[in-house]
Amino acid sequence: ANHLFCPRIVTVVMAECSSVNMDKVYCKPDAWGGMGEFARVPITAGEVIEKGIVRVLPLDGNDCTFVFTWSDDGPIQQASGSGASVFYNMAEDPNADMNR
């Protein structure tokens, strides 16, 4: 049984100062049996798709592949993203980048 739940998407006008904004995207079941991130509106090259925050977690990214490497220097840290960032699909030729 699929235990994933994605509620009906309700568009909410977000204040410009919000730390999390995913107005341009939504999550829904994908063709591979999981969840995926999909565009709600046309998105052009170079445009910000989603804005969010992360929480650094005390775990090994080799043991948990649902986190992002979140350190440039020093010890390697792993973080989980807000919004729908963890549902972006990966591809050999990606059409989006994540920036810190």
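Trainee: Which residue in β5 stands opposite Val-56?

Mentor: This is a predicted model, and what follows should be read in that light. Val-56 has its place in β3, an edge strand that covers 54–57, and four bridges join β3 to β5, residues 78–81, with the two strands running antiparallel. Within β5, the residue that stands opposite Val-56 is Ala-79.

Trainee: In what order do the three strands of the open sheet lie?

Mentor: The edge strands are β3 (54–57) and β4 (68–69), each of which pairs on one side only. The sheet is open and its pairing is antiparallel, and the order of the strands is β3-β5-β4.

Trainee: Which residue forms a salt bridge with Lys-24?

Mentor: The count of salt bridges comes to one, and this pair links distant parts of the chain, with Lys-24 in the segment before β1 (25–29) and its partner, 23 residues apart from it, in the loop between β2 (35–39) and β3. The closest N and O atoms of the pair are 2.8 Å apart, which falls within the 4 Å cut-off for a salt bridge. The partner of Lys-24 is therefore Glu-47.

Trainee: Is Glu-47 buried or partly exposed?

Mentor: A residue counts as buried under 20% relative accessible area and as exposed over 50%, with partly exposed in between. Lys-24, at 24% relative accessibility, is partly exposed. Glu-47 has a relative accessibility of 28%, and because this value lies between the two cut-offs, Glu-47 counts as partly exposed.

Trainee: Which side chain of opposite charge is nearest to Asp-30?

Mentor: Asp-30 lies in the loop between β1 and β2, and this residue is buried yet has no salt bridge. The nearest side chain of opposite charge is 10 Å away, and it belongs to Lys-28.

Trainee: Which residue has the backbone nitrogen that the side chain of Asp-30 reaches?

Mentor: Leaving aside neighbours within four places in sequence, Asp-30 is in contact with several residues, among them Met-35, Phe-38 and Asn-89. The side chain of Asp-30 also reaches a backbone nitrogen at 3.0 Å, and that nitrogen belongs to Trp-32.

Trainee: How many disulfides does the count come to?

Mentor: A disulfide would need a pair of cysteine sulfur atoms within 2.5 Å. Cys-27 is buried, with a relative accessible area of 11%, whereas Cys-64 is partly exposed, at 25%. By the distance rule for sulfur atoms, the number of disulfides comes to zero.

Key: Residues are numbered from 1 along each chain as its sequence is written. This is a predicted model: local features need pLDDT of at least 70, side-chain atom pairs count only at pLDDT 80 or more; totals for chains, interfaces and linings use all residues. Side-chain values use heavy atoms; hydrogens and water are left out. Buried means under 20% relative accessible area, exposed over 50%, partly exposed in between (1.4 Å probe, protein chains only). Two strands pair if DSSP finds at least two bridges between them. Lys and Arg count as positive and Asp and Glu as negative; His and the chain ends are not counted. A polar contact is a pair of N or O atoms within 3.5 Å; within protein, one must be able to donate a hydrogen and the other to accept it, and residues adjacent in sequence count only if both atoms are side-chain atoms. Contact means heavy atoms within 4.5 Å.
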